[in-house]
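This briefing covers the interior packing, the enclosed and open spaces, and one helix of the structure shown below. Points are grouped by topic.

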Amino acid sequence: MYRSAYQKGFLTVLYSVGSSPLEKWSSYTKNGYIKRIYDEDIKSLVLEIMGSNVSTTFIHCPSECKEQLGIKLPFLVLLIKNMHKYFCFEVKIQDDQRFMRRFRVSNFQSKTSIKPFCTAMPMGMSPGWNQIQFNLADFTRRAYGSNYLETVSLQIHANVRIRRVYFTDKLYAEAELPNEYRLLGKPKDLKKPEKQFKVPPTARPPSPLNTARGEGAVKAAKPKAVVQESEPEAAPELKKEPSLSISVGVASATAAAEPSAAADEPPTQTEATEEAYY
């Protein structure tokens, strides 16, 4: 089916947005339904598969059982939503020994079971939307000791909501993914909002000199009143005494050290001067 197609990067096999998302898929329903609805979490159309029995409601690709996908990309990625019910999907691959192997992944399996042609393994899902990345080449080598060759078919059972199913040649980081391959769209650039807060040159406030010239002499006198009110709040003279005492002490010490300043020494202190001082 895809064997002759160009396979590199991303290869989508199911996309919920479009005129016919199940064009290459066949559907089977019993006591359930398969329909497209609008999901409020991601604000997009999604494919919902619901049923009372997991094994009787599913979709299969390719639509014809005799056909094969022929996808050689080793990574399978599913964008699905956890509905808090039983869910599983199956992938049939072919290895270099020309054997058909099947991997069955489910959220109700408790232990991994490896059989010659089928491997069942558990899967844990977090609430809400999940991005499941399945390394087919690694699981084939670990389970059967052979090399992954290609994917033959894919089968998705109830109960789940599907946004996209695609294959990749490697695991891409979130920043490397195209916008349509993300659940919440492209993240916002954090550098752009910084430019919005920069004040343009035309928005600068007028200078005080220009306002004083334009408003007249009466309004220009307001800064003087502010200066007069701030004078009582200035440091009192008592706070300046420590600096004055230090400067005086330094001056007396330098004067005593100089011989030429001996004539300017103060008179000796007597009892009369002490009484006059007190």
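**Pocket, cavity, cores and helix**

The largest pocket has a volume of about 150 Å³. The model is predicted. The notes below take the pocket and the cavity, then the nonpolar cores, a buried arginine and helix α1.

**Largest pocket**

- Its lining consists of Tyr2, Thr12, Val13, Leu14, Tyr15, Val17, Gly18, Ser20, Pro21, Glu23, Lys24 and Trp25.
- Sorted by class, that lining has seven nonpolar, three polar and two charged residues.

**Cavity**

- The count of cavities of 30 Å³ or more comes to one.
- About 40 Å³ of space lies in the largest cavity.
- The residues that line the largest cavity are Phe10, Val77, Gln131, Gln133, Tyr166, Thr168, Lys170, Leu171, Tyr172 and Leu177.
- Strands β11 (128-135) and β13 each supply at least two residues of this lining.
- The lining of the largest cavity divides into six nonpolar residues, three polar and one charged.

**Nonpolar cores**

- The largest nonpolar core has 37 residues, and Leu76, Phe89, Ile156, Ile162 and Val165 are those with the most contacts inside it.
- Strand β13 (residues 160-168) gives the largest share of this core, four residues.
- Apart from the largest core lies another, of five residues, among them Val77, Tyr166, Leu177 and Tyr181.
- Val77, Tyr166 and Leu177 of that five-residue core are also among the residues lining the largest cavity.
- Leaving out residues up to four places away in sequence, Phe89 touches Leu76, Leu78, Phe103, Arg104, Val105, Met123, Gln155 and Ile156.
- Leu76 and Ile156, both touched by Phe89, are listed with Phe89 among the residues with the most contacts inside the largest core.

**Arg182**

- Arg182 lies in the loop between β13 and α2 (192-196).
- Arg182 counts as buried because its relative accessibility is 6%, and the cut-off for buried is under 20%.
- A polar atom of the Arg182 side chain lies 2.9 Å from the backbone oxygen of Leu177.
- Leu177 thus appears in three places: in the contact with Arg182, in the five-residue core and in the lining of the largest cavity.

**Helix α1**

- In helix α1 (residues 136-144), the buried residues are Leu136, Ala137, Asp138, Thr140 and Tyr144.
- Asn135 caps the N-terminal end of α1, with a side-chain oxygen 3.4 Å from the backbone nitrogen of Ala137.
- Gly145 follows α1 and has a positive phi, near 70 degrees.

Conventions: Residues numbered from 1 in each chain as written. Predicted model: local features only at pLDDT ≥ 70, side-chain atom pairs only at ≥ 80, totals over all residues. Heavy atoms only, no water. Core = buried A, V, L, I, M, F, W, Y, C linked by side-chain atoms within 4.5 Å. Buried < 20%, exposed > 50% of the residue type's maximum accessible area, 1.4 Å probe, protein only. Contact = heavy atoms within 4.5 Å. Polar contact = N/O pair within 3.5 Å; in protein donor to acceptor, adjacent residues only side chain to side chain. 1 Å grid on protein atoms, 1.4 Å probe; cavity = no way out; pocket = protein on both sides within 12 Å on 5 of 7 lines; lining within 4 Å. Points joined across faces, edges and corners; volume = space filled by probe spheres on them. Nonpolar A, V, L, I, M, F, W, Y, C, P; charged D, E, K, R; others polar.
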